[in-house]
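This report describes the fold, the ring pairs and the charged pairs of one protein chain. Please keep the sequence and the three-dimensional view at hand while reading.

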Amino acid sequence: MADMDEQRGPGGGPPGRWRRGRPPRWWRHGPPGRSRWTDEGYGAREGDGGGGEDRRPRWPWRSTVLLTAFVMLGTHFADHAQDGERVPLDPFARVLVFGAGAMLLWRGRHPVAVVSGTVAAVLLYVGAGYPYGPVFLTVVVACFSAVLSGRRHATWAVMGALWAGHALIGHVLYRWLPPSGDGPSSWNQDLVIATWVVALLAVSELARTRREQWARERAERAQAARRRADEERLRIARELHDVLAHSISVINVQAGVGLALLDTDPEQARTALTTIKAKSKEALGEVRQVLDTLRAPGAAPRTPAPGLDRLPELVEQAASAGLTVTVEGRPPELPPGADLAAFRIVQEALTNVVRHSGSREARVRIEQDGGRLRLRVDDDGPATGADAGGSGNGLAGMRERAAALDGTIEAGPRPGGGFRVLAVLPLDVKEDR
């Protein structure tokens with residue numbers, strides 16, 4: 001069945017056959033073969049930010065039909081206006097004009113071949129002595145498309161051949177070409193044609209440069225948007241980790257105390273359950289605040305972000321988990337971002353002491369040194385788990401918070417035993433707006 005589905009294609013049905021009510025694929029999207037060009041010949045390519053396959057027709061049917069009809073009609077009127085001066089239009093001339101216009105249908109897929117074909121058709125048309133007219137417009141469109149597609153040097157060479165061919169016809173081959181009795185063309189006319197060719201190439205190059213610039217700007221905007229999304233995702237991941245790790249650690253310790261004392265000391269078990277309830281409610285509130293940021297990006301938070309002013313509350317929560325915390329120093333005034341980072345670093349360091357250290361005491365020291373804030377959290381150990389060295393998401397999150405503020409984090413065993421976390425943060429952080 002899978003093989004049959006692959007043969008049928010995405011729309012189902014027998015391969016290579018019409019489905020009732022729908023035209024075949026080649027009729028909707030042009031002649032068979034793959035093309036990455038849209039209806040105007042310069043459609044969205046991969047990486048243009050379009051977000052998927054372009055649904056517009058991939059071949060420039062409409063513009064080619066309109067342009068060919070205009071050129072043929074204009075050539076008809078030019079024939080009447082130049083009656084007696086040039087060779088009247090015949091079926092061969094009309095085939096040349098029609099062919100020059102029809103070739104533009106392939107200008108997106110084979111730009112160099114199309115511009116070469118249109119130039120050859122126009123030179124043959126002029127050499128046969130047919131009246132001047134809008135047939136040169138086919139060369140303009142083909143040249144513009146070829147330069148936009150990046151085939152610059154080949155297009156310059158073909159346009160140079162157009163000028164050289166016209167000059168050869170006008171100054172040498174006119175003796176043997178119709179109309180009879182025609183004299184050589186003036187060099188002023190060749191100068192005008194050369195100026196026209198140079199101007200056409202200059203405009204095409206300008207359009208190509210602008211198009212490449214717009215493509216670079218779109219790519220840079222897309223990359224910046226992806227970078228902002230990644231940074232926001234990491235920020236939310238850090239917030240959720242810090243909130244949940246600390247709260248669940250306290251809840252886990254209190255749940256163990258409650259279970260151990262449930263039969264022997266119901267009052268103490270009740271106190272543990274009360275702590276669990278309060279801590280879970282606080283954790284739910286902080287998680288809801290983070291999730292509100294996801295639902296309404298850019299909206300102001302309903303509650304202020306925590307900072308070092310909540311350090312006594314953090315000490316109290318650690319005490320409820322059986323950890324005695326001693327704080328030395330006074331928290332300085334910090335910008336909101338740095339204040340939140342400092343609080344989360346201390347919170348994560350104390351959480352690691354609760355989870356990974358056998359010590360029931362920790363020391364937090366706050367110092368200011370040369371325009372930088374030093375936060376040091378020590379415990380006497382010993383470690384209770386194999387991962388006490390600190391290679392998990394908690395320490396990674398602390399390092400990311402410090403690096404975002406141009407600060408540093410040092411975490412590792414102390415020389416005299418235990419574990420130390422030392423954070424150095426600048427006091428004059430410039431907040432991103």
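A residue is called buried when its relative accessible area is under 20%, exposed when it is over 50%, and partly exposed in between. Arg374, with a relative accessible area of 27%, is therefore partly exposed. The model in which this residue is placed is a predicted one.

**Overall architecture**

The secondary structure of the protein comprises twelve helices and five strands. The protein has 433 residues, of which 38% count as buried. Its accessible surface amounts to about 25,200 Å², and carbon and sulfur atoms account for 58% of that area. Considering contacts between residues at least 6 apart in sequence, 69% join residues at least 24 apart.

Helix 11 spans residues 336-356 and thus has 21 residues. From its first C-alpha to its last, helix 11 reaches 30 Å, which is close to the 30 Å expected at 1.5 Å a residue. Helix 11 is mostly covered, with 18 of its 21 residues buried.

**Salt bridges**

Side chains of opposite charge can pair when their charged atoms come close. The structure holds eleven salt bridges. Three of them are set out below, each with the distance between the closest N and O atoms.

| Basic residue | Acidic residue | Closest N and O atoms |
|---|---|---|
| Arg365 | Glu328 | 2.3 Å |
| Arg374 | Glu367 | 3.6 Å |
| Arg376 | Asp378 | 3.2 Å |

Which parts of the chain does the pair of Arg365 and Glu328 tie together? Arg365 lies in strand 2 (residues 361-369) and Glu328 in strand 1 (residues 324-328), so this salt bridge ties together parts that are 37 residues apart in sequence. Both partners fall in the intermediate class of accessibility: Arg365 is partly exposed at 30%, and Glu328 is partly exposed at 33%.

In the pair formed by Arg374 and Glu367, Arg374 is partly exposed, as stated above, and Glu367 counts as partly exposed because its relative accessibility is 29%. The salt bridge between Arg376 and Asp378 brings together a partly exposed residue and a buried one: Arg376 has a relative accessibility of 29%, whereas Asp378 has a relative accessible area of 3%.

Salt bridges also link Arg152, Glu205, Arg208 and Glu212 into a network.

**Aromatic pairs**

Rings of Phe, Tyr and Trp pair if their centres lie within 6.5 Å. By this rule there are four aromatic pairs. In one of these, the rings of Tyr125 and Tyr130 have their centres 5.4 Å apart and their planes at 40°, so the pair is tilted. Both tyrosines are buried: the relative accessibility of Tyr125 is 1%, and that of Tyr130 is 5%.

Phe136 and Trp196 form an aromatic pair of the edge-to-face kind, with 6.3 Å from centre to centre and 85° between the planes. Phe136 lies in helix 6 (residues 136-148) and Trp196 in helix 8 (residues 187-261), so the pair ties together parts that are 60 residues apart in sequence. Trp196 is partly exposed, with a relative accessible area of 30%. Ring pairs join Tyr132, Phe136 and Trp196 into a cluster.

**The surroundings of His166**

His166 is found in helix 7. Is this residue buried or exposed? With a relative accessible area of 6%, His166 is buried because that value is under the 20% cut-off. Leaving aside neighbours within four places in sequence, His166 is in contact with Leu123, Val126, Tyr132, Gln189, Asp190 and Ile193. One of these, Tyr132, also belongs to the ring cluster with Phe136 and Trp196.

**A nonpolar patch on the surface**

Leu168, Val172, Leu173 and Trp176 form a nonpolar patch on the surface. Together these four residues have about 390 Å² of accessible area. Trp176 is found in the loop between helix 7 (152-171) and helix 8. Trp176 counts as exposed because its relative accessibility, 64%, is over 50%.

Terms used. Residues are numbered from 1 along each chain as its sequence is written. This is a predicted model: local features need pLDDT of at least 70, side-chain atom pairs count only at pLDDT 80 or more; totals for chains, interfaces and linings use all residues. Side-chain values use heavy atoms; hydrogens and water are left out. Helices (H or I, at least four residues) and strands (E, at least two) are DSSP runs, numbered from the N terminus. The expected span of a helix is 1.5 Å times one less than its number of residues. Buried means under 20% relative accessible area, exposed over 50%, partly exposed in between (1.4 Å probe, protein chains only). Rings of Phe, Tyr and Trp (its six-membered ring) pair if their centres lie within 6.5 Å; planes under 30 degrees apart count as stacked, over 60 as edge-to-face and the rest as tilted. Patches are made of residues with over 30% relative accessible area and no salt bridge: like charges are joined within 9 Å, nonpolar side chains (Val, Leu, Ile, Met, Phe, Trp, Tyr) within 5 Å. Accessible areas come from the Shrake-Rupley method with a 1.4 Å probe; for residues, only the protein chains shown count as cover. A salt bridge is a side-chain nitrogen of Lys or Arg within 4 Å of a carboxyl oxygen of Asp or Glu. Contact means heavy atoms within 4.5 Å.
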